[in-house]
Amino acid sequence: MSLIYKQIPSPVGRLKLVATDHALVAILWENDKPARVKLAAAKLDNAHPLLTRAENQLSEYFAGQRTTFDLPLAPIGTPFQQKVWHALTQIPYAQTSTYGSLARSIGSPTASRAVGAAIGRNPLSILIPCHRVIGASGKLTGFAGGLETKSFLLTHELTTAHRQR
């Protein structure tokens, strides 16, 4: 599987969009740890239609004009990770869930730590909204993009949702 990529500016720093010809496989943070999402080498392609479409949808999201994404996604992970990542897509825009709640939602009520580990490996941050998962106490917890970025994304969504009412 050959990969292509494009880097884009955003309010949360430079993002690296990585895709096959048919689907996005990763959105990587500017200071992402290389081992967090293991991918083959990718070739720069600033003009690929899928990457351009992803860039446009992310720009609309950050401008407060988009609350859902319409992009083909193909995150690479174990069956358990896939199950967790799918559960993340069920968290509504501008709302949050907890690790324990997600564990229960996938039928593994005692697996909140495993759920947290799977979330930490989410290769498609923002599109698969792991920033919407908070600790049971209501506090912000680990996020590959940093807690400041997580706070920004949650505040952005709440503000956008409030304006749209």
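# Strands, cores and a pocket

User: In which loop is the place of Ala 94?
Analyst: Ala 94 belongs to a predicted model, in which local features need pLDDT of at least 70, side-chain atom pairs count only at pLDDT 80 or more, and totals for chains, interfaces and linings use all residues. Residues are numbered from 1 along each chain as its sequence is written, and side-chain values use heavy atoms, with hydrogens and water left out. Helices (H or I, at least four residues) and strands (E, at least two) are DSSP runs, numbered from the N terminus. In these terms, Ala 94 sits in the loop between α2 and β5 (97-98).

User: Is Ala 94 buried or exposed?
Analyst: Let's start with the scale: buried means under 20% relative accessible area, exposed over 50%, and partly exposed in between, using a 1.4 Å probe and protein chains only. Ala 94 is not a glycine, yet its phi is positive, at about 70 degrees. Its relative accessibility is 17%, so Ala 94 counts as buried.

User: Which residue stands opposite Tyr 5 in β2?
Analyst: Two strands pair if DSSP finds at least two bridges between them. Strand β1 (residues 3-8) and β2 meet this with five bridges, in the antiparallel sense. Across from Tyr 5, in β2, stands Val 18.

User: Which residue in the hairpin of β1 and β2 takes a positive phi?
Analyst: This hairpin has six residues between the strands. The residue you want is in the loop between β1 and β2. Its phi is near 100 degrees, and its name is Gly 13.

User: What distance separates the C-alpha atoms of Gly 13 and Glu 30?
Analyst: Contact means heavy atoms within 4.5 Å. Leaving aside neighbours within four places in sequence, Gly 13 is in contact with Ile 8 and Glu 30. Gly 13 and Glu 30 are 17 residues apart along the chain, and their C-alpha atoms are separated by 6.4 Å.

User: Which residue of β3 stands opposite Lys 16?
Analyst: A hairpin of four residues links β2 to β3. Strand β3 (residues 24-29) pairs with β2 over five bridges in the antiparallel sense. In β3, the residue opposite Lys 16 is Leu 28.

User: How many residues of β3 are buried?
Analyst: Look at β2 before we turn to β3: four of the five residues of β2 (residues 15-19) are buried, so β2 is largely enclosed by the rest of the structure. Strand β3 is also largely enclosed by the rest of the structure, because its buried residues number six of six.

User: Which helix gives the largest share of the largest nonpolar core?
Analyst: A nonpolar core is a set of buried Ala, Val, Leu, Ile, Met, Phe, Trp, Tyr and Cys residues joined through side-chain atoms within 4.5 Å. The largest one has 39 residues, and Leu 24, Leu 88 and Ile 119 touch the most other members. Elements that each supply at least two residues include β1, β2, β3, α2 (79-88), α4 (112-120) and α5 (147-164). The largest share of this core, six residues, comes from α1.

User: How many residues are in the second, separate core?
Analyst: Beyond its neighbours within four places in sequence, Ile 119 is in contact with Val 84, Trp 85, Leu 88, Tyr 99, Leu 102, Cys 130 and Val 133. The second, separate core includes Leu 3, Val 18, Val 25 and Val 37, and its residues number seven.

User: How much space lies in the largest pocket?
Analyst: On a 1 Å grid over the protein atoms alone, a pocket is an open set of points where a 1.4 Å probe fits, with protein on both sides within 12 Å along at least five of seven lines; lining residues have an atom within 4 Å of a point. Grid points are joined across faces, edges and corners, and a volume is the space filled by probe spheres set on the points. For the largest pocket, that space is about 190 Å³.

User: How many residues of the lining of the largest pocket are nonpolar?
Analyst: The lining includes Thr 67, Phe 69, Tyr 93, Ile 126 and Arg 132. Ala, Val, Leu, Ile, Met, Phe, Trp, Tyr, Cys and Pro count as nonpolar, Asp, Glu, Lys and Arg as charged, and the others, Gly among them, as polar. The lining has one charged and three polar residues, while the nonpolar ones number seven.

User: What is the relative accessible area of Arg 132?
Analyst: Arg 132 is found in the loop between α4 and β6 (133-134). Among its contacts beyond four places in sequence are Thr 67, Tyr 93, Ala 94 and Glu 157. Arg 132 is buried, with a relative accessible area of 6%.
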